[in-house]
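Here are a few short exercises to work through with the model open beside you. Try each task before you read its solution.

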Amino acid sequence: MAGEQYRYTLVIGEDAPERAWLEDILMRGGLEVAACSEAELLATPDIVPPQLVVLDDARLPGFGAEARRADCEARIATLDRIRAQPAIAGVPLIVLAEGADIDSFSAAIEHGASAYLVKPAAAEEVVRIAHKI
C-alpha cells in the first residue's frame with residue numbers, strides 16, 4: 001500500500017482550520033480525504049474504513065514535568081479511543097502534534113502510531129510521509 005497515489009485518508013482533529021489545511025494539502029498530494037472531529041468519529045459506527053489516518057493533535061504542550069505527563073496521557077487516551085474503532089484498528093496512522101518531547105513520541109509509537117510529526121510540519125513533509133507509510 002505504501003507509495004499509492006490513490007489512498008482514502010481520514011483526517012481527525014478538533015481544530016476546524018487545521019483539519020481544512022490538512023485536507024487541502026493531502027488532496028493536492030493526490031489523496032482522497034475526509035475529515036471529522038474525534039466526537040464525530042466516535043458517534044459514527046459505520047464509517048468507511050480508511051487506508052490512512054492522520055490525527056491532528058491540537059493540544060499545546062504543557063510546562064513542567066507534571067503538565068507534560070498529563071498532556072502525554074491525554075494524547076495517548078485519544079489515540080487509544082481512535083485505535084479502538086474497528087474500521088481504524090489496523091490502519092497506518094500519522095500523529096501530527098505540538099509536542100516534540102521523547103515521552104509523547106515514544107508513547108504514540110507504542111500505542112499504534114506509524115509516524116509522529118511535530119508542528120509546524122511542512123506540507124510537503126506531511127504528504128511525503130502519507131505516501132510513504
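**Exercise 1.** In this predicted model, find which residues Gln85 touches, not counting residues up to four places away in sequence, and decide whether Gln85 is buried or exposed.

*Solution.* Start with the location: Gln85 sits in the loop between α3 (64-83) and β4 (93-97). Next, look for its partners: with residues up to four places away in sequence left out, Gln85 touches Leu41 and Leu42. Finally, check the accessibility. The cut-off for buried is under 20% relative accessible area, and Gln85 has 18% relative accessibility, so Gln85 counts as buried.

**Exercise 2.** Describe how helix α1 and helix α5 pack.

*Solution.* Two packed helices are described by the angle between their axes and the distance between the axes. Take the two elements: α1 covers residues 16-28 and α5 covers residues 123-132. Their angle is about 65°, and their axes lie 9 Å apart. The crossing of α1 past α5 is right-handed. Now fill in the side of each helix: α1 brings Trp21, Leu22, Ile25 and Leu26 to the contact, while α5 brings Ala123, Val126, Val127 and Ala130.

**Exercise 3.** Find where Pro120 lies and say what the peptide bond from Lys119 to Pro120 is, cis or trans.

*Solution.* Pro120 belongs to the loop between β5 (115-118) and α5. The bond from Lys119 to Pro120 has omega near -5°, and it is cis.

**Exercise 4.** Which residues make the nonpolar surface patch of about 270 Å²?

*Solution.* The patch is made by Ile102, Phe105 and Ile109. Of these, Ile109 is placed in helix α4 (residues 102-110). Ile109 has 34% relative accessibility, so Ile109 counts as partly exposed.

Conventions
Residues numbered from 1 in each chain as written. Predicted model: local features only at pLDDT ≥ 70, side-chain atom pairs only at ≥ 80, totals over all residues. Heavy atoms only, no water. Patch = residues over 30% accessible without salt bridge, like charges linked within 9 Å, V, L, I, M, F, W, Y side chains within 5 Å. Areas by Shrake-Rupley, 256 points an atom, 1.4 Å probe, with all protein chains shown as cover. Salt bridge = Lys/Arg side-chain N within 4 Å of Asp/Glu carboxyl O. Helix = DSSP H or I, 4+ residues; strand = E, 2+ residues; numbered from the N terminus. Buried < 20%, exposed > 50% of the residue type's maximum accessible area, 1.4 Å probe, protein only. Axes fitted to C-alpha atoms, helices over the stretch in contact; angles between N-to-C directions. Left-handed = near helix turned anticlockwise from the far one by under 90°. Contact = heavy atoms within 4.5 Å.
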